[in-house]
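Trainee: Before we discuss this model, may I ask you to justify the terms applied to it?

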Amino acid sequence: MTATDPTSGGPNVGRRDSSRPTPDDARHWITADFAMQVTAIEEVSGGTDVSAVVWRFVDDTGDAWAAKWTTRTTTTGTRLVGSMADAGLNRAPGTVPTTDGRRRSRRGGGRLAVSRWSEGEDAATVGLDLDGWHAYGELLADVHAHAFPLPPRRQGARRGIRRRRQRYRAAIRSLDARPPGDVRDDVLGLWHDARPRIALLQQGTTLASAAPGERVPCHGDPHLGNVLVEPDGGLRLVDWDEAVVAPRELDLHLVEFSVLFAPAAPDELAAFRAGYGPVDLDEHRLVRYACVRALEDLTSTMTTALDGSDEDRTEALRVVTGILAPTGSASLVEDRLRTALADAATRS
């Protein structure tokens, strides 16, 4: 884990407010809940997940650790990471239990977890060679093959890939209803210019799969920004807040349709697939997930561009234009979306 906070992934621009815990809060909680003495602590900068704060701290033995506080209520990620660790599957940084044996403590209206700090760098920054792409495929294959039971209660689990508190359909209606005359009419004009493409993506969310997909443990957001390249060359996944039991296409669509404005080359995809191993994927499900993800990211960042601070607006506009650019996730899925829609029409 690096100081650019690879624990947060994907475009999710927003403001941080005074209700978020401070390093002093974290120092107290870590000592009280995990019995660890903190000699130095700093907040990790660069994260875009407004529901979380990450700190790097050093204990009294000189070891470095990461502490993450989040208001997300799901526990699937922490349970999945713990289950893999218990099975000897080292695909995430090791975690520390609380003094009473829990994986996270409850503090400040959120949950706090501590894990080993990694000096690795995220793969989106340092890149992967073809061997790295092969290892990336093996990494996700190991996660998907792990024997992880379905949550005993399904409440709170994501249906599909919904990642925002406001559903994208409601956000689209809200953006469409914005009256002209706003001081940010240039931003609203960008939305209206993109509206035909958004309508196409909406069609993609209606694609039906040929059959129910096999449900496997999924990371939920395994793009290269959430893959750490360790000093020894090994790969680890971070930011498990989106973890869920779902069809494997939930994870794999992020490899096929990158959300980081840097599409994988054909030889990189081939290396990934070789590492992942043979599997039959549902094209309609892959495309549908990619459409939902693009719409979620477009609507959330466009809303921030209209309502956020000037600083937030700048970053949100960068993300919006990136999604719509030739290398953005909306553009990457469009050709295969049109093919899938044509295929669906011939079946009906």
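The exchange below sets computed values against the definitions behind them.

Mentor: This is a predicted model, in which local features need pLDDT of at least 70, side-chain atom pairs count only at pLDDT 80 or more, and totals for chains, interfaces and linings use all residues. Residues are numbered from 1 along each chain as its sequence is written, and side-chain values use heavy atoms, with hydrogens and water left out.

Trainee: What makes a segment a helix or a strand, and how many of each does the chain have?

Mentor: Both are DSSP runs, numbered from the N terminus: helices are H or I with at least four residues, and strands are E with at least two. The chain comes to 11 helices and 11 strands.

Trainee: Why is Asp 239 called buried?

Mentor: Buried means under 20% relative accessible area, exposed means over 50%, and partly exposed lies in between (1.4 Å probe, protein chains only). Asp 239 has 8% relative accessibility, and therefore counts as buried. Asp 239 lies in the loop between β10 and β11 (244-247), and its phi is near 60°, a positive value in a residue other than glycine. Of the 348 residues of the chain, 54% count as buried.

Trainee: Why is Phe 261 placed in another class, buried, partly exposed or exposed?

Mentor: The relative accessible area of Phe 261 is 24%, so Phe 261 is partly exposed. Phe 261 sits in the loop between α7 (249-256) and α8 (266-276) and has a positive phi of about 65° although it is not a glycine.

Trainee: What is the class of Ala 325, and what distance separates its C-alpha atom from that of Phe 261?

Mentor: Ala 325 has a relative accessibility of 24% and therefore counts as partly exposed. Its place is in the loop between α10 (310-324) and α11 (329-347). The C-alpha atoms of Ala 325 and Phe 261 are separated by 8.1 Å, while the two residues are 64 apart along the chain.

Trainee: How do you know that β2 pairs with β1 and with β3?

Mentor: Two strands pair if DSSP finds at least two bridges between them. Strand β1 (residues 38-43) and β2 are antiparallel over five bridges, with Trp 55 in β2 as the bridge partner of Glu 43. Seven bridges join β2 to β3, again antiparallel, and Ala 52 stands opposite Thr 70 in β3. The hairpin of β2 and β3 has four residues between the strands, and in it Gly 62 takes a positive phi near 95°. Strand β2 (residues 52-59) is mostly covered, with seven of its eight residues buried.

Trainee: What makes β7 and β10 edge strands?

Mentor: Each pairs on one side only, β7 being residues 121-122 and β10 residues 235-237. They belong to an open antiparallel sheet of three strands in the order β7-β9-β10. Two bridges join β7 to β9 (residues 227-229), which meets the requirement of at least two.

Trainee: What makes an empty space a cavity, and how many of 30 Å³ or more are found?

Mentor: On a 1 Å grid over the protein atoms alone, a cavity is a set of points where a 1.4 Å probe fits but cannot get out; lining residues have an atom within 4 Å of a point. The search finds three cavities of 30 Å³ or more, and the largest has a volume of about 430 Å³. Of the 28 residues that line the largest cavity, the closest to its centre are Lys 68, Thr 78, Ala 113, Ser 115 and Trp 240.

Note on methods. On a 1 Å grid over the protein atoms alone, a cavity is a set of points where a 1.4 Å probe fits but cannot get out, and a pocket is an open set with protein on both sides within 12 Å along at least five of seven lines; lining residues have an atom within 4 Å of a point. Grid points are joined across faces, edges and corners, and a volume is the space filled by probe spheres set on the points.
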